[in-house]
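Here's a quick tour for anyone opening this structure for the first time. Take a moment to turn the model around before reading on.

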Amino acid sequence: MKTHFIAIGGSAMHNLAIALKDKGYQVTGSDDAIFEPSRSRLEKKGILPQEMGWFPEKITPDIDAVILGMHAHQDNPELAKAKELGLKIYSYPEFLYEQSKNKTRVVIAGSHGKTTITSMILHVLNFHQKDVDFMVGAQLEGFDCMVKLTQDNDFMVLEGDEYLSSPIDLRSKFLLYQPNIALMSGIAWDHINVFKTFDDYIEQFRKFTASITPGGVLVYNEEDPEVVKVVEAAENYFRKIPYKTPEYEITGGKVYLKTEIGDVPLSVFGAHNLLNMEGARHICQQLGIMDEDFYEAIMSFKGASKRLEKVEREDKGTLYKDFAHAPSKVKATVKAFKEQFKNETKYGFLELHTYSSLNPVFLEQYDHAMDGLDEAIVFYSEDALKIKRMEPISPEFIKEKFKNDRLRVFTNAEDLHVYWNTLDKTKGVYLMMSSGNFGGLDLTK
């Protein structure tokens with residue numbers, strides 16, 4: 001099968017391209033910019049475009065499938081050529097469904113926690129050598145590629161994102177998967193550039209619930225009132241399995257899960273991670289993994305990339321980085337950090353980096369998000385606001401929305417870096433939350 005990727009360099013797209021190459025497909029692609037690690041990984045497989053840009057001549061009648069990434073625009077010249085030739089054009093999730101429509105599809109959805117839960121499930125399955133197809137949005141220890149597609153596996157585990165499928169398919173990605181087994185971890189308004197109201201956002205989860213195949217299974221977080229409302233209002237038939245935060249204790253800085261087989265020591269911390277773990281356990285039950293086997297495997301789970309991930313520093317200081325950017329994620333991460341390091345001086349840094357996080361209306365949801373930290377720092381770039389064509393935001397406005405007068409606010413990277421360099425990283429513990437890089441800050445030094 002011959003496939004062509006428009007915008008092959010994306011974090012998800014390049015993984016799919018590699019998976020198809022490994023499956024024996026003929027793979028080509030284009031992009032206007034490709035960054036690391038996508039560039040090196042595509043080059044290693046021999047599918048890195050020779051030059052950057054869009055080339056309609058690459059689109060030929062013998063192509064079986066054109067896969068269109070979100071990074072491309074509606075007026076993309078390669079897309080126009082594909083339409084002109086009448087080729088089959090797939091969004092990324094649409095193509096994944098085509099690859100898995102004869103398998104049992106397990107879809108992990110939610111505003112937060114879905115990457116971690118998917119990662120936990122795959123870690124357990126991999127530990128017990130249970131082979132499945134999968135797609136997950138973070139790099140995992142022990143996995144070379146974050147998409148796996150085979151002819152023979154019976155199951156496919158998919159991280160279900162509610163964002164748009166492609167520039168020409170404005171459905172939420174997870175609506176295309178039609179799960180046999182699903183999980184819903186939580187609902188907290190996100191992607192406000194697309195979903196203008198909270199109800200519009202919730203509607204995507206109502207549709208997702210309605211897309212569960214008849215007689216399927218939904219594992220859901222019963223501690224989230226919005227999730228409960230969606231599940232209770234569902235009119236289609238599926239089995240409902242609720243889950244909640246399990247009992248645990250912290251002894252000597254180590255987290256122990258209280259279970260029927262005794263105390264299970266964990267390598268991760270935070271109530272939200274233990275809640276995620278409980279959801280993963282219920283999904284693994286559906287895949288034939290007994291609880292005792294689940295606990296045996298989960299002890300060695302160290303977390304998904306950039307999810308409370310410990311950074312090895314030259315000075316041996318204690319520093320964690322986290323992808324947290326949406327308010328619910330920031331609040332859960334800060335809570336976990338405070339609980340784990342009760343007796344330490346705690347520094348928390350948050351970069352407001354995404355379109356949503358810089359929106360004045362959305363900022364309301366960050367109220368008290370950084371409370372309880374000994375030093376709370378928020379950074380956003382005034383230049384980024386200009387690039388995004390957004391109105392200026394004052395540091396006073398940020399403090400008001402966070403409801404935290406003690407907040408330190410930096411609006412340019414140089415000032416942030418000067419402050420960073422005044423801190424002795426061997427004293428206290430540090431939490432760095434961003435989907436960016438704090439203006440190029442090296443967290444290892």
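What follows goes from the overall layout to the sheets and then to the charged pairs.

## The overall layout

First things first: this is a predicted model. The protein chain splits into domain 1 (2–87), domain 2 (95–299) and domain 3 (309–440). If you look at how domain 1 and domain 2 sit, their C-alpha centres are 28 Å apart. Where they meet, 19 residues of domain 1 contact 17 residues of domain 2.

UniProt has some labels to add, in an unreviewed entry. It lists "domain: Mur ligase N-terminal catalytic" at residues 3–102. In the model, that span is 37% helix and 16% strand, and its end C-alpha atoms lie 20 Å apart. UniProt also places "domain: Mur ligase central" (again from an unreviewed entry) at residues 108–278. Here the make-up is 26% helix and 29% strand, with 13 Å between the end C-alpha atoms.

## A four-stranded sheet

Let's begin with the sheet that holds strand S1. This open sheet has four strands in the order S2-S1-S3-S4, and the pairing is parallel. Which strands stand at the edges? They are S2 (26–30) and S4 (89–91); each has a single partner strand, so one side of each has no neighbour in the sheet. On average, neighbouring strands here are turned by 25° against each other, ignoring direction.

Zoom in on S1 (residues 2–6) and S3 (residues 65–68), and you'll find a parallel pair joined by four bridges. One spot to look for is phenylalanine 5, whose bridge partner in S3 is isoleucine 67. Helices lie across this sheet too. Helix H1 (residues 11–22) crosses S1, S2 and S3, and runs at about 170° to S1. Helix H4 (residues 92–100) lies across S1, S3 and S4, this time at about 100° to S4.

## A six-stranded sheet

Now jump further along the chain. Another open sheet has six strands, ordered S17-S18-S22-S19-S20-S21, and its pairing is mixed. Its edges are strand S17 (309–310) and strand S21 (408–410); each pairs with a single strand, so one side of each is left without a neighbour in the sheet.

Within this sheet, S19 (residues 346–351) and S22 (residues 429–433) run parallel and are joined by five bridges. Lysine 346 is one residue to pick out, as its bridge partner in S22 is valine 429. Helix H10 (residues 327–340) lies across S18 (318–322), S19 and S22, at about 170° to S22. Helix H13 (residues 413–422) packs on the sheet as well, touching S18, S19, S20 (375–379), S21 and S22. The direction of H13 makes about 155° with that of S20.

## Charged pairs

Time for some side chains. Side chains of opposite charge can pair when their charged atoms come close. How many salt bridges does the structure hold? The count is 22.

One of them joins lysine 148 and aspartate 131, with 2.5 Å from N to O. This pair links distant parts of the chain, 17 residues apart: lysine 148 belongs to strand S7 (residues 147–148), while aspartate 131 is in the loop between helix H5 (114–127) and strand S6 (133–135). Lysine 148 is partly exposed, at 28% relative accessible area, and aspartate 131 is partly exposed as well, at 42%.

## Pairs within helices

Other salt bridges stay inside a single helix. Glutamate 226 pairs with lysine 229, and their closest N and O atoms are 3.6 Å apart. Both residues lie in helix H7 (residues 225–233), three residues apart, or about one turn of the helix.

Arginine 281 and glutamate 278 make another such pair, with their closest N and O atoms 2.5 Å apart. These two are three residues apart in helix H8 (residues 271–286), so about one helical turn separates them. Are they buried or exposed? Arginine 281 has a relative accessible area of 10%, so it counts as buried, the cut-off being under 20%. Glutamate 278 is buried too, at 11%. Finally, salt bridges with shared partners tie Asp199, Glu203 and Arg206 into one network.

Key. Residues numbered from 1 in each chain as written. Predicted model: local features only at pLDDT ≥ 70, side-chain atom pairs only at ≥ 80, totals over all residues. Heavy atoms only, no water. UniProt positions renumbered as here; feature names shortened; annotations may be inferred. Pairing = 2+ DSSP bridges. Contact = heavy atoms within 4.5 Å. Axes fitted to C-alpha atoms, helices over the stretch in contact; angles between N-to-C directions. Salt bridge = Lys/Arg side-chain N within 4 Å of Asp/Glu carboxyl O. Buried < 20%, exposed > 50% of the residue type's maximum accessible area, 1.4 Å probe, protein only. Domains from an automatic or database assignment.
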